[in-house]
Amino acid sequence: HYYAADTLARLERYPEAESEFDEELRYFPQDIRARGGLAMLYQAGGRPDEAAKAVADMLRLSPTPESYALAARLYTMFGDRQQADAVRAQSRRAFADAKGKGRP
């Protein structure tokens with residue numbers, strides 16, 4: 001469903017893409033690619049509040065360094081430099097101890 005959603009979004013067939021992203025997330029709720037794609041879809045469709053919720057859900061359901069990096073990139077693309085910086089700061093705080101223990 002992810003690849004169908006991504007393709008449909010690139011073709012600007014947003015309602016169909018949203019359905020496919022939703023279906024992907026029904027089976028794989030922690031899929032950060034699908035959550036990021038859904039956030040971009042919402043932002044492109046003029047739904048910034050839903051885009052922000054998709055990013056927040058991604059960080060809540062999959063709080064990994066990769067999720068935080070993607071969230072910062074998304075907020076930068078959305079033109080919200082302040083939120084991107086805040087996410088980077090959260091990531092540094094959350095994963096500072098892990099780096100010292102040989103983890104990412």
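**Aspartate 31 and the helices around it**

Trainee: Where is the place of aspartate 31?

Mentor: Aspartate 31 is placed in the loop that runs between helix 2 and helix 3. Please keep in mind that this is a predicted model.

Trainee: Is aspartate 31 buried or exposed?

Mentor: Aspartate 31 has a relative accessible area of 13%, so it counts as buried, the cut-off being under 20%.

Trainee: And what does aspartate 31 touch, not counting residues up to four places away in sequence?

Mentor: With those residues set aside, aspartate 31 touches Glu24 and Leu25.

Trainee: Which backbone nitrogen lies 2.9 Å from a polar atom of the side chain of aspartate 31?

Mentor: That is the backbone nitrogen of arginine 33. The contact is found at the start of helix 3, where the atom of aspartate 31 that reaches to within 2.9 Å is a side-chain oxygen.

Trainee: In what do the side chains of arginine 33 and aspartate 31 meet?

Mentor: They meet in a salt bridge, with an N to O distance of 3.9 Å. Arginine 33 is partly exposed at 41% relative accessibility, whereas aspartate 31 is buried at 13%.

Trainee: Back to Glu24, then. Where is glutamate 24 found?

Mentor: Glutamate 24 belongs to helix 2, which covers residues 14-27. Its relative accessible area is 8%, so glutamate 24 is buried.

Trainee: What surrounds it? Which residues does glutamate 24 touch, not counting those up to four places away in sequence?

Mentor: Glutamate 24 touches His1, Tyr2, Asp31 and Ala34.

Trainee: How many Å apart are glutamate 24 and arginine 60 in space?

Mentor: Their C-alpha atoms are 17 Å apart, and the two residues are 36 residues apart in sequence.

Trainee: Let us turn to helix 3. How many residues has helix 3, and what span is expected?

Mentor: Helix 3 has 13 residues. The distance from its first C-alpha to its last is 18 Å, close to the 18 Å expected at 1.5 Å a residue.

Trainee: Which residues of helix 3 are buried?

Mentor: They are Ala34, Arg35, Gly36, Gly37, Leu38, Ala39, Leu41 and Tyr42. The buried residues of this helix pack against helix 1 (2-10), helix 2, helix 4 and helix 5.

Trainee: And what follows helix 3?

Mentor: Glycine 46 follows helix 3, and its phi is positive, near 75°.

Trainee: You listed an arginine among the buried residues. Which side chain of opposite charge is nearest to arginine 35?

Mentor: That is aspartate 57, at 4.3 Å. A salt bridge has to be within 4 Å, so this pair is not counted as one. Arginine 35 is buried yet has no salt bridge.

Trainee: Which backbone oxygen lies 3.0 Å from a polar atom of the side chain of arginine 35?

Mentor: The backbone oxygen of proline 29 does. Pro29 also appears in the list of contacts of arginine 35, together with Leu25, Ala54, Asp57, Met58 and Leu61, once neighbours within four places in sequence are left aside.

Trainee: Several of those sit in helix 4. Which residues of helix 4 are buried?

Mentor: The buried residues of helix 4 are Ala51, Ala54, Val55, Asp57, Met58 and Leu59.

Trainee: What should helix 4 span at 1.5 Å a residue?

Mentor: Helix 4 has 14 residues (48-61), so it should span 20 Å, and its end C-alpha atoms are indeed 20 Å apart.

Trainee: On to helix 5. Is tyrosine 68 buried or exposed?

Mentor: Tyrosine 68, found in helix 5 (residues 65-77), is buried, with a relative accessible area of 13%. Not counting residues up to four places away in sequence, tyrosine 68 touches Leu59, Pro63, Val87, Gln90, Ser91 and Phe95.

Trainee: A last topic: how many salt bridges does the structure hold?

Mentor: The structure holds nine salt bridges. One of them joins the side chains of glutamate 16 and arginine 13, at 2.8 Å from N to O. Glutamate 16 is partly exposed at 37% relative accessibility, and arginine 13 is partly exposed at 37%.

Trainee: Which residues are linked in a network of salt bridges?

Mentor: Glu18, Arg47 and Glu50 are linked in such a network. Between glutamate 50 and arginine 47, the closest N and O atoms are 2.8 Å apart. Glutamate 50 is partly exposed at 34%, as is arginine 47 at 27%.

Methods:
Residues are numbered from 1 along each chain as its sequence is written. This is a predicted model: local features need pLDDT of at least 70, side-chain atom pairs count only at pLDDT 80 or more; totals for chains, interfaces and linings use all residues. Side-chain values use heavy atoms; hydrogens and water are left out. Helices (H or I, at least four residues) and strands (E, at least two) are DSSP runs, numbered from the N terminus. Buried means under 20% relative accessible area, exposed over 50%, partly exposed in between (1.4 Å probe, protein chains only). Contact means heavy atoms within 4.5 Å. Lys and Arg count as positive and Asp and Glu as negative; His and the chain ends are not counted. A polar contact is a pair of N or O atoms within 3.5 Å; within protein, one must be able to donate a hydrogen and the other to accept it, and residues adjacent in sequence count only if both atoms are side-chain atoms. The expected span of a helix is 1.5 Å times one less than its number of residues.
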